[in-house]
Amino acid sequence: MLTQRASGILLHPTSLPGTFGSGDLGEHAYRFVDWLKAAGQTYWQTLPIGEIGPGNSPYMSSSAFAGNVLMVDLAELGRQGWLSPGDLIPHPQFKENQVDYALTKSFRLRRLRLAALRFTANSSEVMRQAFSNFCEEEQDWLDDYALFMAIAEQQSWREWQQWPQALVRREDQALRQIEIDCAEDIVFWKFCQWSFSRQWLGLKSYARDRGVHLIGDVPIFVALQSADVWAHQSLFELDESGQPLVVAGVPPDYFSETGQLWGNPLYRWSEHEKNGYRWWIYRIKKSLQYTDLLRIDHFRGFAAYWQIQADAPNAIHGQWMLGPSEKLFYALEKAIPHLPIIAEDLGIITPDVVELRDKFGLPGMRILQFAFGEDESNHYLPHHYVANAVAYTGTHDNDTSKGWWNTISDHEREFAKRYLSCDGQHIQWDMIQALSKSIANTVIYPMQDVLGLGGDSRMNYPGLADGNWEWRFTWEQIQLDQTETLAKLSAENHRLCQTVSNTFQ
């Protein structure tokens, strides 16, 4: 249960300024922490920090445990002596306000490989020991991940179900041969994860020392083309060849008339129950090493999830299936007391979802952009909020508040003007102020709203496969009055930076 009043900013690290095509864990991340403190903010909320998948989505990672190697700070590798000044000359086609993933990935991976080779050839005993310790401590997931990535590269990034059958079935002899044949590649992927981990933990420590705490994001489902599914096939609804029998998605809703066909394999919950939900407990514990709180995406899927036949063309003709519900959360709570989890409870919410959320004292989410389509009874209007909630103007799946304002109906616009007592000229600040004044103990503002940006700066269009996750800001966009206004709102509404110890009770 969230018990302290605080506010924060939603910004994915790839959206930070930076020299090498995308934001990363370098100097601009530290500068952003300093800005958060100056702006009176307690939280920095990110999207999932794992590897990106199809469409560059952070919600389709090749591992539930690995960090996004594109976030590794190359300049820090240079300071270690593993990259030369010539390696750190940025590509002339990099854009400061947009991530070109194809260009950025090629540039960064090439330099990560150089750094890994130089680390192997010439590094101090202290750093070698640190790397060795990391590999030993994280071997439960790291060995499978590095092996998966090495095989995938050897197999020209074909789906793992199309690999030689001995590798699909994970036969010991075949895996041992890969460990020999691809030894250098395996070390490379482990080096990348070690670099990510030590840089992220350094940033987390810096933030905590300044009263800024990290909110992470855990997708409920994992990608079919992931080390997790390949390594733990019995935990997922797959046939004997590794193909999914049924997949995840959501029925038609606010975002899509045909629903959303995500395509993730569904869990074989009976197998998870047999082993005490060990994989899930490990997943949440590992995620909490990197963050102070976790938002679990699509929380309603634990109560009931939308099951779609794997060969279906869209998500319309699925069916609701019962999830693990309280059995999973009793196991999690026993392993992790006072679960620091935010339940993403948007969409079609039924009484069983509310009951599950409230039984474990988990805060749900409120989205102000959803509030004005009906009347005063709307669940998302601030006068209906509760203290144990996290309120947003919008999330990464929404338009920016200015973009939303320019596209809503006349009814929504007039209702919002009356309710917020505003003329809409600075709608994003009217909405931010309404949230800050609300009873919700935690409020989060997307960075685009603080900057007053329009719809061309949104992060994601649900249901659209390409062109998402690319937005970046520049420091020139941040004005002193924005920083001062945020700090003033935090002070007036008792949300100034504070620790999150005892936040969950």
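H5 is the top contributor to the lining of the second largest pocket, giving four residues. That's our way into a predicted model, where local features need pLDDT of at least 70 and side-chain atom pairs count only at pLDDT 80 or more, while totals for chains, interfaces and linings use all residues. Residues are numbered from 1 along each chain as its sequence is written, and side-chain values use heavy atoms, with hydrogens and water left out.

**Exercise 1. Find the helices that line the second largest pocket, then describe that pocket.**

Step 1: Pick out the helices. H3 (101-121), H5 (139-154) and H8 (183-209) each bring at least two residues to this lining. (Helices are DSSP runs of H or I with at least four residues, strands are E runs of at least two, and both are numbered from the N terminus.)

Step 2: Get the volume. There's about 680 Å³ of space in the second largest pocket. Ile52, Gly53, Ser62, Lys105 and Trp157 sit closest to its centre, out of 25 lining residues. (On a 1 Å grid over the protein atoms alone, a pocket is an open set of points with protein on both sides within 12 Å along at least five of seven lines; a cavity is a set where a 1.4 Å probe fits but cannot get out; lining residues have an atom within 4 Å of a point. Points join across faces, edges and corners, and volume is the space filled by probe spheres set on them.)

Step 3: Sort the lining. You get 14 nonpolar, five polar and six charged residues. (Nonpolar is Ala, Val, Leu, Ile, Met, Phe, Trp, Tyr, Cys and Pro; charged is Asp, Glu, Lys and Arg; the others, Gly among them, are polar.)

**Exercise 2. Do the same for the largest pocket, this time looking for strands.**

Step 1: Start with the space, which is about 1,300 Å³ in the largest pocket.

Step 2: Look at the walls. The largest pocket has 47 lining residues, and Gln260, Trp262, Asp397, Pro462 and Gly463 are nearest its centre.

Step 3: Find the strands. E5 (260-265) and E6 (293-297) each supply at least two lining residues, and E5 gives the most, with four.

Step 4: Sort the lining of the largest pocket: 22 residues are nonpolar, 17 polar and eight charged.

**Exercise 3. Count the cavities of 30 Å³ or more and describe the two largest.**

Step 1: Count. Five cavities of 30 Å³ or more turn up.

Step 2: Take the largest cavity, with a volume of about 320 Å³. It has 28 lining residues, and nearest its centre are Ile49, Gly50, Ala64, Asp217 and Ser287. Strand E3 (213-219) and helix H11 (278-290) are the elements giving two or more residues to this lining. The split here is 16 nonpolar, eight polar and four charged.

Step 3: Move to the second largest cavity, at about 160 Å³. Among its 18 lining residues, Leu10, His396, Pro446, Gln448 and Met459 are closest to the centre. This lining has six nonpolar, nine polar and three charged residues.

**Exercise 4. Work out how E3 is placed and which strands it pairs with.**

Step 1: Check the cover. Seven of the seven residues of E3 are buried. (Buried means under 20% relative accessible area, exposed over 50%, partly exposed in between, with a 1.4 Å probe and protein chains only.)

Step 2: Split the faces. His213, Ile215, Asp217 and Pro219 point one way from E3, while Leu214, Gly216 and Val218 point the other way.

Step 3: Find the partners. E3 pairs in the parallel sense with E2 (residues 43-45) over three bridges, and with E6, also in the parallel sense, over five bridges. (Strands pair if DSSP finds at least two bridges between them.)

Step 4: Match residues across the strands. Gln45 stands opposite Ile215 in E3, and Asp217 stands opposite Arg295 in E6.

**Exercise 5. Decide whether Arg295 and Ala248 are buried or exposed, and list what each touches.**

Step 1: Take Arg295 in E6. Its relative accessible area is 3%, so Arg295 is buried.

Step 2: List its contacts, leaving out residues up to four places away in sequence. Arg295 touches Gln45, Tyr59, Ile215, Gly216, Asp217, Val218, Ile342, Glu344, Met365, Tyr392 and His396. (Contact means heavy atoms within 4.5 Å.)

Step 3: Now take Ala248, which is in strand E4 (residues 246-250). Ala248 counts as buried because its relative accessibility is 0%.

Step 4: List its contacts with the same sequence cut. Ala248 touches Phe221, Gln260, Leu261, Trp262, Gly263, Asn264, Leu266, Trp306 and Ile308.

Step 5: Compare sequence and space. Ala248 and Gln307 are 59 residues apart in sequence, yet their C-alpha atoms are 5.6 Å apart.
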